Amino acid sequence: EAFENGSTLYLASVAKTKTGMERAYQTLSNRAKTYHFPVLIVNSVGYQDNFLASGSSAVWDRNGKLLAQLDDTSQAILLYDSLSESICSENLRFSV
């Protein structure tokens with residue numbers, strides 16, 4: 001639906017387990033290849049209600065190539081420049 005509405009980027013904000021993220025990685029990489037737009041996924045880290053969210057937020061380019069991903073335990077920010085289609089900064093970590 002995003003493609004049909006003229007989107008040039010796909011962003012998924014989720015709360016997923018490690019298994020859920022493994023499935024999402026394959027799905028989102030394929031979505032980037034199929035529709036030729038960058039895809040980003042943002043996942044939470046730590047316990048969420050009754051499960052452990054596994055982080056691993058990531059960005060794929062329009063060809064489905066994984067550009068960058070965060071680890072599964074740190075709270076961090078991954079910056080993506082949609083004009084240059086590149087990662088601006090990785091590992092901007094912070095503590096709460």
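In the predicted model, strands S5 and S6 pair in the antiparallel sense, over three bridges. Within this pairing, Trp60 has Leu66 of S6 as its bridge partner. Five residues lie between the two strands of the hairpin. Among the hairpin residues, Gly64 takes a positive phi near 85°.

The loop between S5 and strand S6 (66-69) also holds Arg62. Arg62 forms a salt bridge with Glu85. The closest N and O atoms of this pair are 2.4 Å apart. The pair links distant parts of the chain, with the two positions 23 residues apart in sequence numbering. Glu85 sits in the loop between S7 and S8. The count of salt bridges comes to one. Arg62 is partly exposed, because its relative accessible area of 31% falls between the 20% and 50% limits. Glu85 is likewise partly exposed, with a relative accessible area of 32%.

The backbone at Glu85 is also notable. Glu85 has a positive phi of about 55°, although it is not a glycine. The flanking strands of its loop are S7 (76-81) and S8 (86-93). A second non-glycine residue, Ser56, has a positive phi of about 65°. Ser56 is placed in the loop between strand S4 (51-54) and S5. Ser56 counts as buried because its relative accessible area is 12%, under the 20% limit.

The nonpolar interior was examined next. In soluble globular proteins, nonpolar side chains tend to be buried together. The largest nonpolar core of the model has 11 residues. These are Ala12, Met21, Ala24, Tyr25, Leu28, Ala32, Phe37, Val39, Ile41, Ala58 and Trp60. Three elements each supply at least two residues of this core: helix H1 (18-35), strand S2 (39-43) and strand S5 (58-60). H1 gives the most, with five residues. Apart from this core lies another, of seven residues. Its members include Ala68, Ala76, Leu78 and Tyr80.

Val39, a member of the largest core, illustrates the contacts made there. Leaving aside residues up to four places away in sequence, Val39 touches Tyr10, Leu28, Arg31, Ala32, Ala58, Val59 and Trp60. Of these contacts, Leu28, Ala32, Ala58 and Trp60 are also listed in the core. Trp60 thus recurs: Trp60 belongs to the largest core, touches Val39 and stands in a bridge with Leu66.

Strand S2 is mostly covered, with four of its five residues buried. S2 pairs with S1 in the parallel sense, over five bridges. In this pairing, Val14 stands opposite Asn43 of S2. In a regular strand the side chains alternate between the two faces of the sheet.

A nonpolar patch on the surface is formed by Leu9, Leu11 and Val42. Together these residues have about 240 Å² of accessible area. Leu9 lies in the segment before strand S1 (10-14). Leu9 counts as partly exposed because its relative accessibility is 32%, between the limits of 20% and 50%.

The segment before S1 also contains Ala2. Ala2 is partly exposed, with a relative accessible area of 23%. Residues up to four places away in sequence aside, Ala2 touches Ser7 and Tyr10. Tyr10 is in addition one of the contacts of Val39. The C-alpha atoms of Ala2 and Tyr35 are separated by 9.4 Å, although the two residues are 33 residues apart along the chain.

Helix H1, which gives five residues to the largest core, also carries Thr19. Thr19 is partly exposed, with a relative accessible area of 44%. Thr19 and Arg62 are 43 residues apart in sequence. Their C-alpha atoms lie 24 Å apart in space. Arg62 has its salt-bridge partner elsewhere, in Glu85.

Note on methods. Residues are numbered from 1 along each chain as its sequence is written. This is a predicted model: local features need pLDDT of at least 70, side-chain atom pairs count only at pLDDT 80 or more; totals for chains, interfaces and linings use all residues. Side-chain values use heavy atoms; hydrogens and water are left out. A nonpolar core is a set of buried Ala, Val, Leu, Ile, Met, Phe, Trp, Tyr and Cys residues joined through side-chain atoms within 4.5 Å. Buried means under 20% relative accessible area, exposed over 50%, partly exposed in between (1.4 Å probe, protein chains only). Contact means heavy atoms within 4.5 Å. Patches are made of residues with over 30% relative accessible area and no salt bridge: like charges are joined within 9 Å, nonpolar side chains (Val, Leu, Ile, Met, Phe, Trp, Tyr) within 5 Å. Accessible areas come from the Shrake-Rupley method with a 1.4 Å probe; for residues, only the protein chains shown count as cover. A salt bridge is a side-chain nitrogen of Lys or Arg within 4 Å of a carboxyl oxygen of Asp or Glu. Two strands pair if DSSP finds at least two bridges between them.
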